Amino acid sequence: MKHSKRLIVTGAIAAVSALALAGCSSSGGSDDSTDSASGELTPVTLQLQWFAQAQFAGYYAALDQGYYKDEGLDVTILEGGADIVPQDVLSAGDADYAISWVPKVLGSIEQGAEITDVAQIFERSATTQISMKDKNITTAADLKGKKVGSWGYGNEWELFAGMQKAGVATDDISLVQQAFDMNGFLAGDIDAAQAMTYNEYAQVLEATNPATGKLFTPDDLNVIDWNKEGTAMLQDAIWADSAKLADDDAYADQTVKFIKASIKGWIYAKDNPEKAAAIVTAAGSTLGESHQLWMTNEVNKLIWPSTSGGIGMIDEDAWKQTVDIAMGTKNETGATVISAEPPASAHTNEYVEKALAELKDEGVDTEGADFTPIDVTLKAGGE
């Protein structure tokens, strides 16, 4: 398989390199697809919110399979990192689109960023709070009196919303600053730790249970699911420049094309999880083979089946819940994400509706009602 070129993009952000995947596609795209009579592809840059991993499998698949090229786009994917804020990169004009969580961007919008959620790719939240079975923590109410881990940095809002809904005050827990790994949890320093279903939860299942000498299993753990607790917030979305959407017809048309090709990439990841995981690995991810496949499978569960009218559609009830939590939930410092309702320009279904209409006209299933997850066997260390 021929893979896309890779190059390192350096910038002012210390200790972080951005991997760019550009132009070349391996298969699935016609060589003569262009955006203009000149035959030239339009350069487009996408900023991710983290390093290359299957959380972004649909975008890598769209690039690899030539779906962007089919729409006349020459897409470069920039990796994120701990010190990269995707919405800031977008607002500064250093990317055409960005992937980020809705609550994190709402804060940036209130501070002046003019960007718009144009496609809500993840319909469900992947954030959980996990604990060992013997801690007897099964709901947010059970967190009272426990050592509770949180990453912070805008990842904490579902946790605090769940606690407050259950009547658990910040003073009722011992809040632990959690590193972006599960070492503290596995060492017993944290009773209930934050874990994404597609990443940190798997890290625990890839570790050896000292009591058995074998890998941990789901039966060893309890999971608080914020979707079930009613405090889930919208996560990975495609963000675009609000002013350009309003004033630049070419950018608006390009946005429809970008969303359409990205959706095709996510459909590919749904139908070909093993191949999608391999594509991300080839793009430079350092995660192990079984972990990468687990991530692809779990991310697919966040998207499929789509119950909002098609992948990428922004459900107004879910948007309102996210905004209400962002305005009404306080973290350990007493801060909220935002102090007022975001502007109407913060989200729109205008462009994703056009992309979905084109795909439906082409006979593409954009809802995935028959989606069935695969079974993934994790190996030690995710290898």
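**Exercise 1. Divide the chain into domains and state how far apart their C-alpha centres lie.**

Step 1. The domain assignment, automatic or from a database, gives domain 1 (26-123 + 233-382) and domain 2 (127-229).

Step 2. Their C-alpha centres lie 27 Å apart.

Step 3. Keep the basis in mind. This is a predicted model, in which local features need pLDDT of at least 70 and side-chain atom pairs count only at pLDDT 80 or more, while totals for chains, interfaces and linings use all residues. Residues are numbered from 1 along each chain as its sequence is written, and side-chain values use heavy atoms, without hydrogens and water.

**Exercise 2. Describe the interface between domain 1 and domain 2.**

Step 1. Take contacts (heavy atoms within 4.5 Å). 27 residues of domain 1 touch 22 residues of domain 2.

Step 2. Take buried area (accessible area, 1.4 Å probe, that two parts lose on being put together, summed over both). The two domains bury about 2100 Å² between them. Carbon and sulfur atoms hold 61% of it.

Step 3. Count salt bridges (a side-chain nitrogen of Lys or Arg within 4 Å of a carboxyl oxygen of Asp or Glu). The count between the domains is 0.

Step 4. Count polar contacts (a pair of N or O atoms within 3.5 Å; within protein, one able to donate a hydrogen and the other to accept it; residues adjacent in sequence count only if both atoms are side-chain atoms). There are 11 such residue pairs, both residues at pLDDT 80 or more.

Step 5. Assign elements (DSSP runs numbered from the N terminus: helices, H or I, at least four residues; strands, E, at least two). On the side of domain 1 that touches domain 2, α12 (289-303) and α13 (316-328) give two or more residues. The largest share, 6 residues, comes from α12.

**Exercise 3. Place N297 and decide whether N297 is buried or exposed.**

Step 1. N297 sits in helix α12.

Step 2. Its relative accessible area is 4%, so N297 is buried (under 20%; exposed is over 50%, partly exposed in between; 1.4 Å probe, protein chains only).

Step 3. Beyond four places in sequence, N297 touches P373, I374 and V376.

**Exercise 4. Characterise the largest nonpolar core.**

Step 1. Such a core is a set of buried Ala, Val, Leu, Ile, Met, Phe, Trp, Tyr and Cys residues joined through side-chain atoms within 4.5 Å. The largest has 59 residues. Those with the most contacts inside it are Y59, Y60, Y68, I121, I238, F258 and W266.

Step 2. Helix α10 (residues 249-271) supplies the largest share, 11 residues.

Step 3. Domain 1 and domain 2 each give this core at least three residues.

Step 4. Another core, of 22 residues, lies apart from it; L90, I109, A326 and A346 are among them.
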